[in-house]
Amino acid sequence: MDFVRNFPCISIMLCLFAGIISSGLRGKAAMLVNAALLVTNTVLSACTLAYTLAAGESFVYVMGQFPAPWGNEIRAGVLESLMALFFCIIMLLSLFGGRHKLIEGVEEGKLYLYYVLMDLLLSSLLALVYTNDMFTAYVFVEINTISACGLIMIRQNGRTIEAAVRYMIMSLLGSGMLLLGLCMLYDLTGHLLMSNIKESVAQIVAEGQYTIPLIISIVLMSVGLCIKSALFPFHAWLPDAYGYSTVSSAAVLSSLVSKGYIFLLIKIIYRVIGFEIYRDSRIIDILFVFGLMGMIFGSLSAIRENDIRRMIAFSSVAQIGYIYMGFGMGTEAGMTASVFHILSHAATKSLLFIAAVGLTDVSGRNRQFIELTGAGYRNKWAGAAFTVGSLAMVGVPMFSGFISKLLFSQAAVQNNTKMLPALIVLGISTILNAIYFMKTVIRIYTPVEDTPYPSMTFRNMPLYAVVLVAFIILNVTLGVSSQPVVDMIRQGLAMFA
Amino acid sequence: MILLVILIPFIAAALSVWLPFRNRKSWEIFLESAVTLNSILVWYLLLHHSGNTFLLAHFTGNLSVSFRVDGPGMVFSGLVSALWPLATLYAFEYMTKEEHEKIFFLFYTMTYGVTLGIALAANLLTMYFFYELLTLVTVPLVMHTLTREAILASRKYLYYSLGGAAFAFIGLIMIIVYGRSTDFVLGGVLDLAKIGDRTNVLRFIYVLAFMGFGVKAAVCPFNSWLPQAGVAPTPVTALLHAVAVVKSGAFAIIRLTYYSFGTDFLRGTWAQTFVMLVTMFTIVYGCSRAVKETHLKRRLAYSTISNLSYILFGATLMTPLGMTAALLHLVFHAVMKIASFFCAGAIIHQTDRYYVHELDGMGYKMPCVFGVFTVSALALMGVPGLAGFISKWNLASAALESGSTVACFGIVCLLISALLTAIYMLTVVVRAFFPGRDFDYGTLSGVKDPNWMMLVPLFIFAFFIVLFGLYSQPLADFLYAVAIGL
Amino acid sequence: MYLILLSIFIPILMGLYLLVRKEYASRGRLLATTCAGLVLTGALAVASFTAAYGSSFTLFYLTKSLPIAFAVDEMSVLFSCLTVIVLLCAGLFSFEYMKHETKEKRYYGFYLIVFGVLNALCFAGNLVTFYLFFEMLTLTSMPLVLHNGSHEAIMASLKYLFFSMCGAYMALFGVFVVSHNSAVLTFSTGGILHAAAGSPSAGLLLAAAFAMLVGFGVKAGMFPLHAWLPTAHPVAPAPASAVLSAVIVKAGILAVVRTVYYIFGADFLRGTWVQTAWLILTLITVFMGSMLAYREPVLKKRLAYSTVSQLSYILFGLAVMGAEAVTGSLLHVLAHGLIKTALFLCAGAIIFTTGRTRVDELRGIGKEMPFTMWCYTIVSLGLIGIPPTGGFVSKWHLAIGSLQSAIPVFRWLGPVILLVSALLTAGYLLPLTIQGFLPGADYDYEHLKKREPSPLMTIPIAVLTILSVLIGLFPAQLTDWLTRLAARIL
């Protein structure tokens with residue numbers, strides 16, 4: 001079974017190849033290639049996951065058999081392959097769910113470009129997940145940024161271009177900081193491979209040298225990635241980018257791209273700096289505070305929002321706040337909760353975006369709440385899916401959000417000083433979530449007399465409905481039988497160390 | 001078996017919508033018989049319970065979804081299952097005026113199952129599940145009329161309930177982390193060794209969780225959803241907002257206090273004093289608002305707020321007697337309040353009158369309804385010989401027995417509230433029976449008592465109010481047995 | 001035993017029957033039924049306190065610690081006698097008086113129920129039973145107040161209701177505390193709380209006692225919760241006012257007696273702050289009631305204020321807690337009951353025949369209705385306390401009792417205020433007599449016509465007047481009996 005060790009590398013390569021091939025294809029064909037790619041990658045990731053689970057340990061794949069420090073390494077453990085699997089599944093579903101909007105919204109001639117970008121994005125995500133080399137990580141961060149910009153801009157109108165430019169600027173700022181941090185770290189240690197850096201860092205810390213440069217480098221990398229993953233208060237670019245781009249892009253961006261960066265940060269924490277050293281630096285408290293603030297202010301902005309897409313986008317800010325709060329706990333349990341929330345939020349947020357588009361479609365493309373009145377009756381599938389997504393976001397038992405909440409609070413309890421603020425903010429944020437999501441749910445189930453808009457049934461949109469059902473199943477599965485997933489995460493985190 | 005009684009309502013509800021019924025009659029018969037059958041099953045279960053825990057599924061780790069029949073569960077499920085068939089019968093008649101009956105009964109019947117789930121849950125997690133679920137299945141009921149008012153009310157209801165659950169959730173977490181298990185064990189499950197010096201934090205969390213569950217039990221300041229939710233059809237206001245939903249809140253607090261945190265941990269601490277003061281304030285506050293309110297159903301809703309805090313006051317005494325009194329009032333108040341709500345509903349159904357000042361002279365036109373209303377009013381006031389007096393008596397003696405000074409002031413609050421109850425209930429009765437010399441009965445022509453489907457539940461409730469008032473010793477003994485660990 | 005139950009439940013059931021049945025075809029049949037009910041009840045009550053004297057029994061248990069029990073003792077006999085006499089007389093009077101009111105059936109229904117409830121109060125054997133019927137009394141007598149259905153009457157009845165409820169709940173607080181400190185709540189002479197004296201809960205018990213005094217005192221029109229009485233009594237039909245003013249308020253007195261002497265025991269309260277506070281309240285009430293009555297122009301209201309004042313005479317005597325004073329109080333219960341009924345019935349007769357309600361409209365009324373006014377004058381003298389009427393004897397005992405007692409200040413302040421109040425009583429009752437019989441030179445004798453009311457009205461008045469005078473003329477036996485009673489309960 002050892003050939004499975006090749007799978008991570010193969011899947012990244014496949015993405016790149018698919019991108020290259022697609023650039024010469026027409027839109028429809030590129031779409032098929034992309035779908036095939038996603039399915040293949042799903043299978044490959046699943047195999048890797050099964051392999052690592054069975055092996056009970058991670059493995060390092062040395063590209064081209066060049067040993068370090070010259071070669072490039074890929075490392076796959078349970079956590080990495082789990083992430084890769086999830087990313088593939090969610091991207092697959094998001095693309096299928098938003099396909100009709102794509103065909104409508106993107107110029108016929110440019111459709112293939114969209115899929116090219118998507119292929120590249122996937123490659124960068126997988127690379128971020130798997131890589132064991134900081135410089136490779138940086139390269140793919142940039143690829144990721146560029147393709148994400150393209151995804152935002154593909155539906156061309158003034159707003160998306162503005163949003164893309166904003167995104168670009170903020171993102172580049174973020175990656176610039178990451179690069180600076182990386183350089184400093186390289187200066188300090190002389191290594192680019194994660195495992196090597198970690199050893200050196202441990203040594204430096206043990207000797208008590210270079211304390212300040214090390215801290216600065218950690219801060220630079222963390223802040224860079226925070227900007228890119230839209231942690232409050234660096235979220236200004238987010239609502240426009242998610243709010244106006246085509247729906248698949250929004251779903252993918254919110255649930256995968258920002259998560260890719262977060263995952264990279266996790267890797268840095270565990271595999272580059274070392275968990276203890278990172279925890280002892282003060283940055284963790286800052287992350288905690290920003291996380292808490294994000295939970296509150298993201299939700300407050302969402303409550304004020306009158307546009308369903310932007311509302312969901314602001315909700316992302318709050319959810320990312322949850323994840324960083326988990327980091328900020330500085331415990332194993334907190335990290336587990338954060339990783340689980342990455343998954344559950346990814347599954348839920350893309351569901352919400354996809355469902356929202358179904359609702360706006362039956363309301364004359366209006367995204368204002370007033371027009372959405374009764375949309376839940378006009379498009380029953382989207383209505384049900386949106387309700388499920390909302391309940392998951394609020395954290396109602398049986399849905400994925402509840403497990404996240406459960407894990408977060410359990411983690412919070414273990415930390416004496418941070419327990420009360422974390423718990424209370426969790427409570428308040430739940431209330432705020434309830435306010436804006438439930439408001440919307442009630443709105444879409446408020447019937448109106450003689451609406452001008454037509455209804456949608458299963459026949460009009462079989463693929464869309466199937467995608468929604470798949471999302472719902474994914475969500476409920478995460479909510480009901482979360483134990484295996486949580487175990488995998490724990491196992492994966494243990495392998496990191 | 002336990003699972004069955006929880007599931008039957010769901011199945012029946014689903015069938016009632018999907019099955020093609022020939023006419024309304026057969027549909028009614030189907031639903032009523034399903035509900036009655038389920039109630040019979042529940043009672044059978046209660047009488048033959050084994051005390052074993054029925055494990056449905058493992059959730060994560062050591063958290064499981066499981067059910068068990070124990071003392072408070074018996075009380076609550078017995079109460080709910082006794083009331084539900086009657087309320088359903090009443091609802092059939094009432095809902096002839098409203099639209100979307102089937103959807104209404106779909107959720108109405110589902111609520112039955114969910115409430116039983118709360119009653120029979122064997123651990124805090126399971127109860128929390130059903131607690132959240134209860135919010136969700138009852139929202140459509142509040143929204144039912146789909147007027148702007150109803151939408152606003154349901155939104156408020158949802159926010160309050162989910163928000164409250166969020167804080168109750170924190171309590172749940174504490175029990176998971178610091179408890180030996182989440183199972184309900186009389187005396188609490190907290191593991192003192194794990195807590196160490198964090199007792200005050202834990203007490204603070206208890207207060208938070210109390211207020212969280214208290215949202216459903218409408219403690220001040222989280223009570224404003226309840227009067228607003230009165231826009232729902234009367235069967236909902238009566239059964240859910242006087243019994244099932246709000247009592248779930250009170251029931252959850254009893255569970256939390258006696259079975260999770262444990263009274264030993266809380267008794268005599270600032271946490272107890274705080275929650276007791278909150279309930280005392282709510283008792284008086286609810287009544288004062290009821291006096292000011294002129295909309296009959298909202299007035300009753302405020303009365304419910306006050307009476308729920310009677311229950312909570314009993315619960316916060318944290319003694320076996322206190323719990324007995326709380327459970328006793330839980331049962332009695334259910335009967336009394338549902339009777340008065342059904343009267344209000346009958347009035348609305350027959351005459352479309354909503355405000356107290358519109359009820360002049362109706363006592364002569366609807367003698368049965370107002371007779372029952374008078375009985376329930378007197379019972380709520382605590383006139384001896386009716387149910388309310390017994391529970392009030394028990395509450396007061398439990399409060400005195402607990403020996404705390406705050407509890408003595410609690411008695412004063414109870415009595416002030418009783419006086420206010422007299423004011424807001426008897427003004428209605430006086431208006432109805434003594435409209436004054438110049439009253440023109442011509443304006444009431446055509447007003448008459450409703451038909452038997454409405455009257456039968458009313459009379460049964462009135463009968464039980466009197467019965468409990470005169471003869472409640474076995475019940476009280478049973479509840480005491482529950483409180484000391486049945 | 002069955003007699004007691006019958007005397008309670010027969011009138012209640014008959015009353016309920018009257019309330020729910022259809023309107024009678026003729027007024028005669030209604031009156032016949034009512035009359036039968038009243039006489040039967042009266043007979044049963046008398047029979048029960050003669051035949052079942054000294055017996056007690058428990059009907060059933062509300063809960064283990066709350067028995068519903070009845071017992072007949074001297075106090076029952078005293079109050080029951082008063083009840084029967086007043087209700088029969090006033091009932092007879094109403095047969096005529098109620099002609100000019102509507103909804104007679106309802107009136108008689110509640111009248112009978114009130115009769116039954118009053119019997120139950122007299123025969124109640126423990127605090128819970130007493131409390132039960134005390135609340136019932138409030139609820140069932142309320143319809144008598146609002147009978148005429150005017151806005152004023154309804155408001156007055158609500159005021160009555162809420163004040164009474166307020167009092168009842170204050171008392172209930174006391175009941176809670178007492179029941180917590182004592183295993184049983186049975187009335188027994190000398191109290192049931194010996195064990196609790198001096199214990200840590202004594203402070204709470206004193207507070208409870210005060211709450212009960214003030215609470216039950218509401219019914220007896222004691223300051224500060226007396227305001228309902230002058231509002232509620234006058235708006236009722238005159239016979240109902242009579243019943244209210246003479247008997248129903250006595251239920252408050254009975255409650256206080258039971259509380260102080262049968263639950264707490266005089267020894268428990270003597271010399272405590274509760275006694276002092278209580279004395280102050282009663283004296284304030286005595287003086288204030290007389291003062292207000294003096295200033296009041298409407299006859300029935302004036303009588304109501306007079307009730308406030310006179311009831312506090314009784315309460316004062318009870319508060320002194322000496323044998324002599326208590327004797328005076330109990331005697332005054334009887335005397336005031338008879339006299340006040342007679343006064344209200346006189347007022348009713350005047351209103352019924354002339355339709356005039358204010359005192360200054362009644363010049364020369366003595367010439368028009370000499371018999372009624374003679375009775376009025378005689379009983380007025382009784383209330384003022386001029387020998388040889390009943391009032392004199394009771395006030396004499398009150399004053400002596402007060403002077404004999406060892407309470408500082410109040411032992412002489414009390415009699416002084418009682419005297420002042422007696423002067424005021426003369427001042428508010430006698431002007432009617434003076435104006436009535438001596439209308440002055442400019443009175444128009446031309447249009448004078450005799451319009452004495454029918455015998456149905458005059459007979460009850462006469463009976464009551466005679467009884468009140470008899471008490472005054474031959475007080476010895478009664479006083480002896482009451483003195484023995486007082487000595488026993490102290």
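Reader: How many helices and strands make up the secondary structure of chain C?

Author: This is a predicted model, where local features need pLDDT (the predictor's confidence in each residue, from 0 to 100) of at least 70, side-chain atom pairs count only at pLDDT 80 or more, and totals for chains, interfaces and linings use all residues. Residues are numbered from 1 along each chain as its sequence is written, while chains are lettered from A and ligands numbered from 1 in the order in which they are written. Helices (H or I, at least four residues) and strands (E, at least two) are DSSP runs, numbered from the N terminus. For chain C the result is 19 helices and two strands.

Reader: What does the radius of gyration of chain C say about how compact it is?

Author: The radius is taken over C-alpha atoms and set against the globule rule, 2.2 Å times the number of residues to the power 0.38. Chain C has 21 Å, close to the 23 Å that the rule gives for 490 residues, so chain C is as compact as a globular protein of that length. Its C-alpha trace spans about 75 × 55 × 40 Å along the principal axes.

Reader: How is chain A built, and what is its radius of gyration?

Author: Chain A comes to 22 helices and two strands. A compact globule of 497 residues would have a radius near 23 Å, and the 22 Å of chain A agrees with that. The C-alpha atoms of chain A fill a box of roughly 75 × 55 × 45 Å along the principal axes.

Reader: What share of chain C counts as buried?

Author: A residue is buried if 20 or more other C-beta atoms, placed from the backbone, lie within 10 Å of its own, exposed if 12 or fewer do, and partly exposed in between. In chain C, 62% of the 490 residues count as buried. For chain A the share is 61% of 497 residues.

Reader: Which residues does C:Phe344 contact, beyond its neighbours in sequence?

Author: Two residues are in contact if their C-beta atoms, placed from the backbone, lie within 7 Å. C:Phe344 lies in helix α13 (residues 323–354) of chain C. Leaving aside neighbours within four places in sequence, C:Phe344 is in contact with C:Ala238, C:Ser241, C:Ala242, C:Ser245 and C:Leu303. C:Phe344 counts as buried because it has 30 C-beta neighbours inside 10 Å.

Reader: Where is C:Ser306, and is it buried or exposed?

Author: C:Ser306 sits in helix α12 (residues 299–320) of chain C. With 29 C-beta neighbours inside 10 Å, C:Ser306 counts as buried. Not counting residues up to four places away in sequence, C:Ser306 touches C:Gly289, C:Ala293, C:Thr425 and C:Tyr428.

Reader: What share of the contacts in chain C joins residues at least 24 apart?

Author: Among contacts in chain C between residues at least 6 apart in sequence, the share is 81%. The corresponding share in chain A is 79%.

Reader: Which chains share the most contacts?

Author: The size of an interface is often given as the accessible area lost when the parts come together. Here the interfaces are described by their contacts. Two pairs of chains are in contact, and chains B and C share the most contacts. Chain A and chain C have no contact, and their closest C-alpha atoms lie 40 Å apart.

Reader: Which residues does the contact between chains B and C take from each side?

Author: Chain C gives 28 residues and chain B gives 26. On the side of chain C, the elements with two or more residues are β1 (56–63), α5 (127–145) and α6 (151–181). The largest share, 14 residues, comes from α6(C). Nonpolar means Ala, Val, Leu, Ile, Met, Phe, Trp, Tyr, Cys and Pro, charged means Asp, Glu, Lys and Arg, and polar means the others, Gly among them. On that basis this side of chain C has 19 nonpolar, seven polar and two charged residues.

Reader: How many residues of chain B are in contact with chain A?

Author: There are 24 residues of chain B in contact with 22 residues of chain A. On the side of chain B, α5 (124–143) and α6 (148–178) give two or more residues. The largest share, 15 residues, comes from α6(B). By class, this side of chain B has 18 nonpolar, four polar and two charged residues.

Reader: Which elements of chain C have the lowest and the highest mean pLDDT?

Author: Where pLDDT is low, the predicted coordinates should not be read in detail. Helix α14 (residues 365–368) of chain C has the lowest mean, 79, and helix α11 (residues 273–295) of chain C the highest, 89. The mean pLDDT of chain C is 85, with 98% of its residues at 70 or more. The model scores ipTM 0.85 and pTM 0.87.
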